[in-house]
Amino acid sequence: MTEQPLTARSWLKTLATLERRRLNLAAFLGVLAGLQTVAIVVGVAWLVDQLVVHQQTPYQLLDLLGVLALCVAGRGVCQWGQEVVSLEASLRIRQYARRQVLDKFWALGPVWLAYRQSGALATQAVENIEALDGYFARFYTQLRIVSLLPLAILCIVVKLDYLVAIFLLISAPIIPLFMALVGMGAERVNREQFAAVARLSAHFIDRVRGMATLQLFGKTESAHRDVWWATDHYRRLSMRTLRLAFLSSAVLEFFASVAIAVVAMYVGFGLLGYIDYGPSASLTLFSGLAVLLLAPEFFQPLRTLSQHYHDRATALGAAESLITVLNESSTQRGSVLAASQNSHLARLKDICVEYSSRGRVLGPVSLTVDQGDVIALSGPSGSGKSTLLALFAGFLTPSQGELELAAPRYAWLDQQPALLHGTLADNLRLADPRADEAAMLVALEQAGLGELLAHLPSGLDTLIGERGLGLSGGQAQRLALARIYLSDADLILLDEPTASLDNDTEERVIQALLKWVGEGRTLIMATHHPRAIEVAKRHFRVREGQLEEVAHEA
């Protein structure tokens with residue numbers, strides 16, 4: 001049975017169930033605060049009636065004043081508790097949602113991440129998750145308060161004057177109807193806004209990364225204009241969202257004001273004796289003032305909901321963006337098994353790998369890797385060499401077949417090594433944080449960077465930029481190789497390790513790798529270079545997703 005894909009609403013509902021107790025407690029405290037407000041309003045109406053009509057002195061009403069003071073204090077405590085509990089629930093939900101998204105990134109693996117823009121992913125993991133705050137901290141709780149508090153107020157108004165209750169009951173459904181109509185438009189605009197901010201983040205990061213190239217070709221001015229236009233587009237979308245948010249509040253305020261004005265006219269004319277229909281003949285100062293003061297309180301929960309209604313649209317827009325990631329398939333029909341202790345290091349049996357956009361890119365292939373093997377994979381670009389390496393690293397799950405891995409410590413070198421802004425020593429210590437200076441110098445010498453290091457005034461403290469800025473392509477690759485020499489990996493996976501090296505450096509690097517493999521490690525490398533293929537114990541040619549072993553010449 002296939003798992004149903006998530007929708008924005010179902011995902012938000014699932015997140016809410018994680019903190020149902022806190023959210024329900026926040027709603028209960030909100031209702032309790034509203035009921036105390038009702039008590040205050042009715043108490044004030046009774047106080048005025050006693051002072052004006054019944055000529056009571058303030059001293060005679062001290063008990064009532066004390067109760068009202070307690071209600072005011074209690075309402076403040078309940079409102080404070082509602083804020084604290086709902087904010088805590090929202091924080092926990094966002095922490096869980098962020099873990100869920102980051103775990104999904106991890107499950108999808110580096111191969112999937114390589115085809116995504118880092119700026120867009122960062123926006124999803126940070127901005128889109130934070131956009132859920134208003135929904136859970138304010139709107140979700142207020143929606144439950146709206147379903148209870150106006151009903152309680154309506155019951156009190158019915159006891160005082162059923163005609164006023166009818167006025168309120170007629171006007172109440174109009175407000176949610178218009179809020180829903182406005183909300184549908186706001187939801188669409190918010191989706192567009194989150195898509196725009198993701199594109200803007202990716203656009204800006206791409207321009208920053210390519211700043212050196214843009215300067216070399218004199219294109220910085222055009223890049224500045226592109227960023228400005230993208231930013232201005234996002235500004236226009238933000239203003240559209242704000243206009244819709246203000247429109248929803250204005251719609252509610254208009255209808256609420258009309259309803260309250262009708263109640264005020266009815267009470268005024270009823271007390272003056274111009275209306276004698278139904279309960280109007282029995283209107284008193286207390287009942288008239290009470291229903292007049294209760295009318296705004298009847299609409300207050302709806303008014304507050306309207307203020308937070310755009311939080312719902314924002315959350316739905318953010319959730320739509322996030323579920324596109326959460327619905328990505330990371331588990332396919334194939335299986336990954338842990339190899340037994342006495343079995344091979346890795347074994348592929350009738351493995352196939354398929355991508356939704358490209359179809360089958362590898363397979364069916366079968367291959368057994370033993371401890372100490374040196375395997376070379378050759379073949380044209382796009383034949384499946386890098387996909388095969390990603391399988392051994394556990395970055396991919398096969399679409400068909402069985403993959404057995406002994407789960408060794410592995411080291412991975414991609415065609416574009418990941419180098420960070422910092423010193424040479426900082427980048428080397430990514431492989432072994434405890435490596436001393438002597439070990440790092442030996443690793444750099446093995447990678448063919450000893451001569452370069454000797455000419456650097458700062459030595460290992462030399463700063464480089466992100467992605468090896470300040471180094472040539474070959475130097476960056478050799479620095480990544482030196483990092484591998486520092487690791488204690490059992491399995492080394494290299495993707496074109498000598499692509500940017502001259503012949504002398506290539507020979508030195510290969511000999512260092514072979515010496516390292518002689519210590520019992522296993523090496524699998526995708527390469528086109530004849531010398532790297534020559535030193536391999538086993539050579540496989542990958543062609544159109546198929547694997548063919550090539551016998552070494554005698």
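The exercises below, with worked solutions, concern a predicted model.

**Exercise 1.** Compare the expected span of helix α12 with the distance between its end C-alpha atoms.

*Solution.* Helix α12 covers residues 309–326, which is 18 residues. The expected span is 1.5 Å times one less than the number of residues. This gives 26 Å for α12, and the end C-alpha atoms lie 25 Å apart, so the two values agree. As for cover, 15 of the 18 residues of α12 are buried.

**Exercise 2.** Explain how Glu-88 and Arg-92 are placed along helix α3, and classify the exposure of Glu-88.

*Solution.* The two side chains form a salt bridge, with the closest N and O atoms 2.9 Å apart. Both residues belong to helix α3 (residues 62–114) and are four residues apart, so about one helical turn separates them. An α-helix has 3.6 residues a turn, so residues three or four places apart point the same way. Partly exposed means a relative accessible area between 20% and 50%. Glu-88, at 29%, is therefore partly exposed; Arg-92, at 35%, is also partly exposed.

**Exercise 3.** Which parts of the chain does the salt bridge between Asp-373 and Arg-538 link?

*Solution.* The N to O distance in this salt bridge is 3.1 Å. Asp-373 sits in the loop between β3 (359–369) and β4 (374–378), while Arg-538 is in strand β11 (residues 538–543). The pair is 165 residues apart and links distant parts of the chain. Asp-373 has a relative accessible area of 10%, so Asp-373 counts as buried.

Methods: Residues are numbered from 1 along each chain as its sequence is written. This is a predicted model: local features need pLDDT of at least 70, side-chain atom pairs count only at pLDDT 80 or more; totals for chains, interfaces and linings use all residues. Side-chain values use heavy atoms; hydrogens and water are left out. Helices (H or I, at least four residues) and strands (E, at least two) are DSSP runs, numbered from the N terminus. Buried means under 20% relative accessible area, exposed over 50%, partly exposed in between (1.4 Å probe, protein chains only). A salt bridge is a side-chain nitrogen of Lys or Arg within 4 Å of a carboxyl oxygen of Asp or Glu.
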